[in-house]
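Subject: Handing over a structure

Hello,

I am passing a structure on to you, and you will find it just below. Please have a look at it first, and then read on.

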Amino acid sequence: MKSSNAFIRETKFAARDRSLWFWLIVVVALSTISISFGLTEVARQNATLERLVISDQQDRWAELKKQQDWGSAAYYSFHLTYDAPSDFTFAAMGLRDQQPWKHRIRMLALEGQIYERDVANPSVALIGRFDFAFLAAFVIPLVLIMLLYDLRASERTAGRLDLLESTTANTLRFWLTRMSLRASAVFLCVTLPLIVGGLIASTAPGTLFLASCAVFIYIAFWSLICFYVASWKKSSATLLMTLVSAWLTTAVIVPAGARLAIDQLVPVPSGADILLLQRETVNDAWDLPRETTMDAFFERHPEWSNYQPVESSFEWPWYYAFQQVGDQRTEDLANAYRDGRQRRDHLAAWTSLLAPPSLLERWLQKLARTDLESSIHYENSVRAYHQALRDFYYPKFFSAAPFDKSLLAELPKYRPTQSDGAH
């Protein structure tokens, strides 16, 4: 009964705290804004994909109707591939602002097409996007610090600390109750817009539950740090500077330092290097003996090794052969690029254990499937689809099959990497 009365008393006390209401309103507003931005961006991406899916089919078939041979049909056809937003992308945009999530590929050398990207918004590229993951990971700790750093110091300054503690049977429970009420209010204010956004986006309940649990644990972690530092018999200014320094270390210094160290430790070629090497290989093929190109091609496709290139005129099989050789030349570099990014990401995951803000942000991005693993999964799905196109066309090229437009209905169809996109 006494604990119940103490809880009610502290609740009434908190309800009269204007500074608490101010920060709670700030949290609700920022959370609502971040969710609104996320939902708007996801809606824009889904609308773009809906429009592109329709126009992609129309444009391709309009172009195919004009062609009279397999080589031209393959050359003039574009094929849309895309990574649809998940049902939780609105909360954590992750790498979708940095990595391509849609392509229109052709039956040409692929690797260069994969690393081409749309021109990004420079302001977003510079400062990042204000999404829920950023708010929860980097802003909420500062709000908790402002609410909890002077729990005891303010009472000490007002001369009420000794009286409060002398009239309390369990001092630790009293301060924990006061801290928990404020932290719980922050948790509710930051997650309520998230849940509403999840309902709008038809997010899986399990995903919302895991995200809410992660935010709860994160808020509890920072609340306990604030509670511990607030117990020091120091001035309010000292306590505040200590907590802000802790936030600055874990949110900025450790991640930035780790990133610099990881970038030095794990060198990674750039997508531009892959694109340049592939273009040089493809352009040089025009001046090489055709046997040189075809021998390199037959190493991967011995089933067509009986084919004899025609020297006197242009031919589609040779043209597409040196397109593939361009991919073969860049294969090692592309693998190094993929493996290097994965290695860096793996090391960043371990260093995030020392940087809780980065750890929470990474977890939310994983739930939203906007992390590096999902980006590489999409790239691999584009490669698999491009290979399916080659498997469709190569037998027709190298066996000199007569052109039959009815067979174009059997063209491979791209399967999105995520089945729960909104479109």
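Here is what turned up, starting with how to read the values.

This is a predicted model, in which local features need pLDDT of at least 70 and side-chain atom pairs count only at pLDDT 80 or more, while totals for chains, interfaces and linings use all residues. Residues are numbered from 1 along each chain as its sequence is written, and side-chain values use heavy atoms, with hydrogens and water left out.

Let's begin with the inside. The largest nonpolar core (buried Ala, Val, Leu, Ile, Met, Phe, Trp, Tyr and Cys residues joined through side-chain atoms within 4.5 Å) has 53 residues, and Phe-88, Phe-132, Leu-194, Ile-219 and Leu-364 have the most contacts inside it. Buried here means under 20% relative accessible area, exposed means over 50%, and partly exposed is in between, with a 1.4 Å probe and protein chains only. Among the elements giving two or more residues to this core are helices H2 (18-64), H6 (132-148) and H15 (356-368); helices are DSSP runs of H or I, at least four residues long, numbered from the N terminus. H6 gives the largest share, 13 residues.

Next, helix H14 (residues 316-351). Its 36 residues reach 51 Å from first C-alpha to last, close to the 52 Å expected, the expected span being 1.5 Å times one less than the number of residues. H14 also has a kink of about 50 degrees centred on Glu-331, where the bend is the angle between axes fitted to the seven residues ending there and the seven starting there.

Then the charges. There are twelve salt bridges in the structure, each a side-chain nitrogen of Lys or Arg within 4 Å of a carboxyl oxygen of Asp or Glu. One of them joins Asp-56 and Arg-60, with the closest N and O atoms 2.8 Å apart. These two are four residues apart in helix H2, so about one helical turn separates them. Asp-56 is buried at 7% relative accessible area, and Arg-60 is buried at 13%.

Another salt bridge links Asp-345 and Arg-362 at 3.1 Å, N to O. Asp-345 lies in H14 and Arg-362 in H15, so this pair ties together parts 17 residues apart in sequence.

Finally, on the surface, Leu-192, Val-196 and Ile-200 make a nonpolar patch of about 300 Å². Patch residues have over 30% relative accessible area and no salt bridge, with like charges joined within 9 Å and nonpolar side chains (Val, Leu, Ile, Met, Phe, Trp, Tyr) within 5 Å; areas come from the Shrake-Rupley method with a 1.4 Å probe, and for residues only the protein chains shown count as cover.

Best wishes
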